[in-house]
Amino acid sequence: MRLAIDHQTRYRFSEPQGRLVQTLRLTPGDTHDQTVVDWRIDVDCDVRLRESVDGFGNRVTMLFAEGPLDGIDITVAGQVLTTESNGVVRGSAEPLPPEIFLRTTPRSMACAALIDFVRDGLGAGGSDLDRLHRWNLALGQRFPDVPDRPDTGVTAAEAMAGGKPDSRDLAHMFLAGARAADFPARYVSGYRQCPAGSCAPHGWGEAWVDRLGWVGFDPSAGISPDANYVRVAVGLDAAGAAPVAGIRQGAGAEVMTVEVQVERMAGDA
């Protein structure tokens, strides 16, 4: 499948900023089932961009902008070829052993209610892969039709207690439950093709299965990611895989808006 992605992030500041430093995890990498055909990052002002690879194997672009700045627009456009892999990740950059992803974070820590839920969700029978699929499906059934929303910093425990999670929160719940059951698990940020074309940056989970490797699970859809998904970055939680993060030098408030279009193109591979 050939997917065309347009992703625009806009910052507007109530007072001019003296300097911006942004970490952009906006560039997907090639795997056996994902090939980047064309990709570019454009910024509407004079900036310095420096590309590197972080400790998780993510492609990172550091952005440095000198002020005064009333705002900044960061635009990503590209095309990616994807094939069906049943959620199995093959050929990705993996600088770290899977055991690193048994580590929890405040946002992905399991509370007592979540541990009780995962115990029932995983069940006792079947293979590790079967159990993880059951856990993924149990989350999706308990919290159906969750939206994609901007990150509010909610933890898995808070989302569980609040009862109105978004897709990012559900991914954190998946990680918390999987790690509590001794499965290495990590957060994935990327894109998902939506029927309407217009959507938001999407998040899901991956868990390590012996003799199979990393396998993706999207509890917001109750499935493993298919050819409609584009992987971009991984981390211990959403903050570690955030598409855009950084600091600014200046007073006042900021407003961020995000627009994403993911469309299937003619001439699929």
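Strands, such as the one that holds I41, are DSSP runs of E with at least two residues, numbered from the N terminus. By that convention, I41 belongs to strand β2, which covers residues 34-43. The model described here is predicted. This briefing covers the packing of its helices, three residues in strands, and some backbone features.

**Helix α1 against helix α2**

- Helix α1 spans residues 112-122 and helix α2 spans residues 128-142; their axes come within 8 Å and cross at roughly 120°.
- The two helices are therefore oblique to each other, an angle counting as oblique when it falls outside the roughly parallel (under 35 degrees), roughly perpendicular (65 to 115) and roughly antiparallel (over 145) ranges.
- The crossing of α1 past α2 is right-handed.
- On the α1 side, the contact is formed by L114, F117, V118, G121 and L122, and on the α2 side by R131, L132, R134, W135, A138, L139 and R142.
- Sorted by class, the residues in this contact are 8 nonpolar, 1 polar and 3 charged.

**The two sides of helix α1**

- The buried residues of α1 are L114, F117, V118, G121 and L122.
- Viewed down the axis of α1, these buried residues fall within an arc of 120°, so they line one face of the helix.
- An α-helix has 3.6 residues a turn, so residues three or four places apart point the same way.
- The buried residues of α1 pack against three helices, namely α2, α3 (156-162) and α4 (167-180).
- A112, R119 and D120 are exposed on the other side of α1.
- G123, just after α1, has a positive phi of about 70°.

**Helix α2 against helix α4**

- Helices α2 and α4 pack with their axes 10 Å apart, at an angle of about 145°.
- This pair also crosses in a right-handed sense.
- From α2, the residues L132, W135, N136 and L139 take part, and they meet L170, M173, F174, G177 and A178 of α4.
- In class terms, the contact of α2 with α4 comprises 7 nonpolar and 2 polar residues, with no charged residues.
- Among the α2 residues that meet α4 are L132, W135 and L139, and these three also appear in the contact of α2 with α1.

**Three residues in strands**

- I41 in β2 has a relative accessible area of 17% and is therefore buried, the cut-off for that class being under 20%.
- Residues up to four places away in sequence aside, I41 touches L24, L26, T27, L49, T61, I74, T75 and V76.
- The C-alpha atoms of I41 and H7 are separated by 9.5 Å, although the two residues lie 34 residues apart along the chain.
- T23 is part of strand β1, residues 2-27.
- With a relative accessibility of 19%, T23 counts as buried.
- T23 is in contact with V60, T61, M62, P243, V244, A245 and G246, when residues up to four places away in sequence are not counted.
- T61 is listed among the contacts of T23 and also among those of I41.
- W208 lies in strand β7, residues 202-209.
- W208 is partly exposed, because its relative accessible area is 27%, and that class lies between the buried limit of 20% and the exposed limit of 50%.
- The contacts of W208, leaving aside neighbours within four places in sequence, are P98, F183, P184, G213 and W214.
- W208 and A178 lie 30 residues apart in sequence, and their C-alpha atoms are 9.5 Å apart in space.
- A178 is also one of the α4 residues that meet α2.

**Backbone features**

- The peptide bond joining G67 and P68 is cis, with omega at about 10°.
- P68 of this bond is found in strand β4, residues 59-82.
- D145 shows a positive phi, near 55°, and is a residue other than glycine.
- The position of D145 is the loop between α2 and α3.
- D145 is exposed, because its relative accessible area of 75% lies over the 50% cut-off.
- D182, not a glycine either, has a positive phi of about 70°.
- D182 sits in the loop between α4 and β5 (185-192).
- The relative accessible area of D182 is 62%, so D182 is exposed.

Notes. Residues are numbered from 1 along each chain as its sequence is written. This is a predicted model: local features need pLDDT of at least 70, side-chain atom pairs count only at pLDDT 80 or more; totals for chains, interfaces and linings use all residues. Side-chain values use heavy atoms; hydrogens and water are left out. Axes are lines fitted to C-alpha atoms, for helices over the stretch in contact, and angles run from 0 to 180 degrees between N-to-C directions. Helices (H or I, at least four residues) and strands (E, at least two) are DSSP runs, numbered from the N terminus. A crossing is left-handed if the near helix is turned anticlockwise from the far one by less than a right angle, and right-handed if clockwise. Contact means heavy atoms within 4.5 Å. Ala, Val, Leu, Ile, Met, Phe, Trp, Tyr, Cys and Pro count as nonpolar, Asp, Glu, Lys and Arg as charged, and the others, Gly among them, as polar. Buried means under 20% relative accessible area, exposed over 50%, partly exposed in between (1.4 Å probe, protein chains only). The arc is that of the directions from the helix axis to the C-beta atoms.
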